[in-house]
Amino acid sequence: MYGALRGRADSATRRALDVGTSYGFNAVLGALTSALPRGAVRTAARAGLLALAAAPVLKRGRTFTDAGHLAALGIGMGVSLALDCLPGTKHQKIA
């Protein structure tokens, strides 16, 4: 951000549309997958969300924002997986 403001970043970075709340949304969405029932539902939700977030990254016209959304979702899912692995955790599940 500093480089873009000072004119030191490349033109693609200076033109990128970046909304910070979307990163938080993706991270929270990834973390909430731990609230889904274990098994096929949770696995399908995680795979589907990762596929949706990876699709823009795999396109030719991708931006660093697309990669940031994928990274944020991955971080959220990492938190979700960590919660799943903790012994004795009793967090709410969506029924």
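Helices here are DSSP runs of H or I with at least four residues, numbered from the N terminus. With that in hand, let's work through some exercises on this predicted model.

## Exercise 1: Find your way around

Task: Work out which helix holds L81, and how many helices and strands the protein chain has.

Solution.
- Step 1. L81 sits in helix α5, which covers residues 64–85.
- Step 2. Count the elements: the protein chain has five helices and zero strands.
- Step 3. Reading along the sequence gives the pattern α-α-α-α-α.
- Step 4. Now look at how the chain folds back on itself. Take the contacts between residues at least 6 apart in sequence: 65% of them join residues at least 24 apart.
- Step 5. L81 offers an example of sequence distance and spatial distance side by side. L81 and S34 are 47 residues apart in sequence, while their C-alpha atoms are 7.1 Å apart in space.

## Exercise 2: Check the length of two helices

Task: Compare the reach of α5 and of α4 with the span expected at 1.5 Å a residue.

Solution.
- Step 1. The expected span is 1.5 Å times one less than the number of residues.
- Step 2. For α5, with 22 residues, the expected value is 32 Å, and the helix reaches 31 Å from its first C-alpha to its last, which is close.
- Step 3. For α4, with 19 residues, the expected value is 27 Å, and the reach is 26 Å, again close.

## Exercise 3: Buried or exposed?

Task: Sort L81, I75 and T33 into buried, partly exposed or exposed.

Solution.
- Step 1. Recall the cut-offs: buried is under 20% relative accessible area, exposed is over 50%, and partly exposed lies in between.
- Step 2. L81 counts as partly exposed because its relative accessibility is 44%.
- Step 3. I75, also found in helix α5, has 58% relative accessibility, so I75 counts as exposed.
- Step 4. T33 has a relative accessible area of 2%, so T33 is buried. This residue lies in the loop between α3 and α4.
- Step 5. What surrounds T33? Leaving aside neighbours within four places in sequence, T33 touches R42, R46, L49, M77 and S80.
- Step 6. For the chain as a whole, 22% of the 95 residues count as buried.

## Exercise 4: Two sides of a helix

Task: Describe what the buried residues of α5 and α4 meet, and which residues form a nonpolar patch on the surface.

Solution.
- Step 1. Start with a general idea: an α-helix has 3.6 residues a turn, so residues three or four places apart point the same way.
- Step 2. List the buried residues of α5: T65, D66, G68, H69, A72, L73, G76, M77, S80 and D84. Their cover includes α3 (20–32) and α4.
- Step 3. Do likewise for α4, where R42, R46, L49 and A53 are buried. These pack against α3 and α5.
- Step 4. Turn to the surface. I75, V79, L83 and L86 form a nonpolar patch there, with about 340 Å² of accessible area together.
- Step 5. Put that beside the total: the protein chain exposes about 6600 Å², and carbon and sulfur atoms supply 68% of it.

## Exercise 5: Trace a charged network

Task: Find how many salt bridges the whole structure has, and trace how R42, R46 and D84 are joined.

Solution.
- Step 1. A search of the whole structure finds two salt bridges.
- Step 2. One is between the side chains of R42 and D84, at 2.8 Å from N to O. This pair links distant parts of the chain, with R42 in helix α4 and D84 in helix α5, 42 residues apart.
- Step 3. R46 also forms a salt bridge with D84, with the closest N and O atoms 2.8 Å apart. Here too distant parts of the chain are linked: R46 is in helix α4, D84 is in helix α5, and 38 residues separate them.
- Step 4. Put the two together: salt bridges that share partners join R42, R46 and D84 into one network.
- Step 5. Are these residues buried or exposed? R42 counts as buried because its relative accessibility is 3%. R46 is at 14%, so R46 counts as buried. D84 is buried too, because its relative accessible area is 14%.
- Step 6. Look once more at R42, in helix α4 (residues 40–58). Its side chain also reaches the backbone oxygen of L36, at 2.7 Å.

Conventions: Residues are numbered from 1 along each chain as its sequence is written. This is a predicted model: local features need pLDDT of at least 70, side-chain atom pairs count only at pLDDT 80 or more; totals for chains, interfaces and linings use all residues. Side-chain values use heavy atoms; hydrogens and water are left out. Buried means under 20% relative accessible area, exposed over 50%, partly exposed in between (1.4 Å probe, protein chains only). A polar contact is a pair of N or O atoms within 3.5 Å; within protein, one must be able to donate a hydrogen and the other to accept it, and residues adjacent in sequence count only if both atoms are side-chain atoms. Contact means heavy atoms within 4.5 Å. Accessible areas come from the Shrake-Rupley method with a 1.4 Å probe; for residues, only the protein chains shown count as cover. Patches are made of residues with over 30% relative accessible area and no salt bridge: like charges are joined within 9 Å, nonpolar side chains (Val, Leu, Ile, Met, Phe, Trp, Tyr) within 5 Å. A salt bridge is a side-chain nitrogen of Lys or Arg within 4 Å of a carboxyl oxygen of Asp or Glu.
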